[in-house]
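Welcome! Let us take a walk through this structure together, following a few of its side chains.

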Amino acid sequence: MPLPTTHSSSTSRSSRHSALACACLAASLMSCLGTNDSGGSGKTAAGKSAIINLIPVMEPTQNRALARRVGGGTAEGLESFQVAIEAVFMARDITITGSAWSNPQGFLGFYRAEDLMTEGHNVITGANALDAANDRFYVDFMTAAGRERIANTATYTEAELGEYNFVIVNWAQPFRVRGSVDLGDGRKVYTKAGSYDAARGATVTASDMLTGPAETSVAVKNNGGAWFRLLRPLVLTAADLDTTKLVHDTTRLDSAGHVVDTLVPAGRLNVMLVYNPEGFLTAWDTAYASAEGPSNAEITGPGGIGNIHVPYLDATVVPFRTGEEVWRETYLFTGLFTGADPERAGYGFRTRFELYTVGDNVVAASIRGLVGAAGEAPLESNNVFFVEYGAAGTLEIQSHDHSSLIGGFHRLAAPSSAGVADLTLGHIHISACAFTLVEKRKMN
């Protein structure tokens, strides 16, 4: 029987801010982000200006090595994933305390839903989230039309020049989702409409969740947004305003095969917001609890038969300039736990690690737990905050406090090639964990 995802803790990858913090920020964001729904920063200062494009992308892993496992959903099984987006903006800096963030400094806005910001995101509740009146707020990340709603630009002037390190996405807590998860034994668990039970923190359905078709359901999360850190800061300079900024072009070779390093005009700045739905939903067939806490299903069937866990929006932000190629390397860590812990002994795990590169520079990275080969619950990691170069060309993937998430990692050149690296998932450390490069592909 597949097991559910366990509760996030203060060391979880979901370094997000609370709903209260989001509500308190709404007024200040209104003034910083402008006042019309079409995007941009709302700045009207005289003088030169330029823009940055926000490019939302839904891109599942194509290689089937990361396809369905017992109890873990595929991209094909996720028909709709809707988030009521309040605002998307960049910040120079934020204060991070445990799993929460606050005090964002230096706003540059891409998108805002003015009505939602004015009324407060709590206007959407678990009880009314499916009301047609709220359709205008929801962005479906599984459709091109949905993602196009936030594919806006941010306008900047001399006042906004400087270094930006974070992209912030604020949302209303109730998500909408429609899809199914294959349990691997011939059965599927389907999302079903139901009634939100605030005491249980879950949508309780009256319909059999093991019988299709899928229906749109509500998954209420416990916070109002997420931060995503730019591993390579996005730096706005006066040269960008003058369109005179130059960058190195090393793509050409001379007749002897040597790299010709020349300076060429830089392209327009972009921020790619990549959502990978592969392995996103987790499902199981009966109630489950462990020493780590009760099951955390956001959608549950009658009598606890049929449960689905819906994570937060899982995205990676990738800064690049028009004309630069963005590549994604997708690695899969796999293994079994050993040791004295009776709850973990023989427990299988699978972890997806993605690296985004421009040229040979790592500009973004993400780690996501997947359902184990025998249906074990995903084990989540902290957010990637730093990627540093170690000895002999290794990469050190680190959390916000420089604690190691992946250590001694060597990038691989060819899909299906393998290596080992140290992996830390919360309080669990696995030395010399095996990994494979399952996919390497161009993203733009």
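## Rings, charges and a loop

We begin with a charge above a ring: the charged end of Arg176 sits over the ring of Tyr138, 4.1 Å from its centre. Please keep in mind that this is a predicted model. A second example of this kind involves Lys221, which lies over the face of Tyr312 at 4.6 Å from the ring centre.

Tyr312 also leads us on to the aromatic rings, for it belongs to a cluster linked by ring pairs. Its partners in that cluster are Phe81, Phe141, Trp171, Phe175, Tyr275 and Phe280.

How many aromatic pairs does a search of the whole structure find? The answer is 20. One of them is formed by Tyr331 and Phe435, whose rings meet edge-to-face, with 5.7 Å from centre to centre and 80° between the planes. Tyr331 is found in strand β22 (residues 326-336) and Phe435 in strand β29 (residues 428-442), so this pair ties together parts that are 104 residues apart in sequence. Are these two residues buried or exposed? Both Tyr331 and Phe435 are buried.

For our last stop, look for Asp185 in the loop between β7 (174-182) and β8 (188-190). Asp185 has a relative accessible area of 47%, so it counts as partly exposed, a label that covers values between the 20% limit for buried and the 50% limit for exposed. The side chain of Asp185 also has a polar contact, made with the side chain of Arg187 at 2.9 Å.

Note on methods:
Residues numbered from 1 in each chain as written. Predicted model: local features only at pLDDT ≥ 70, side-chain atom pairs only at ≥ 80, totals over all residues. Heavy atoms only, no water. Phe/Tyr/Trp six-rings, centres within 6.5 Å; stacked < 30°, edge-to-face > 60°. Helix = DSSP H or I, 4+ residues; strand = E, 2+ residues; numbered from the N terminus. Buried < 20%, exposed > 50% of the residue type's maximum accessible area, 1.4 Å probe, protein only. Lys NZ or Arg CZ within 6 Å of the ring centre and 35° of its normal. Polar contact = N/O pair within 3.5 Å; in protein donor to acceptor, adjacent residues only side chain to side chain.
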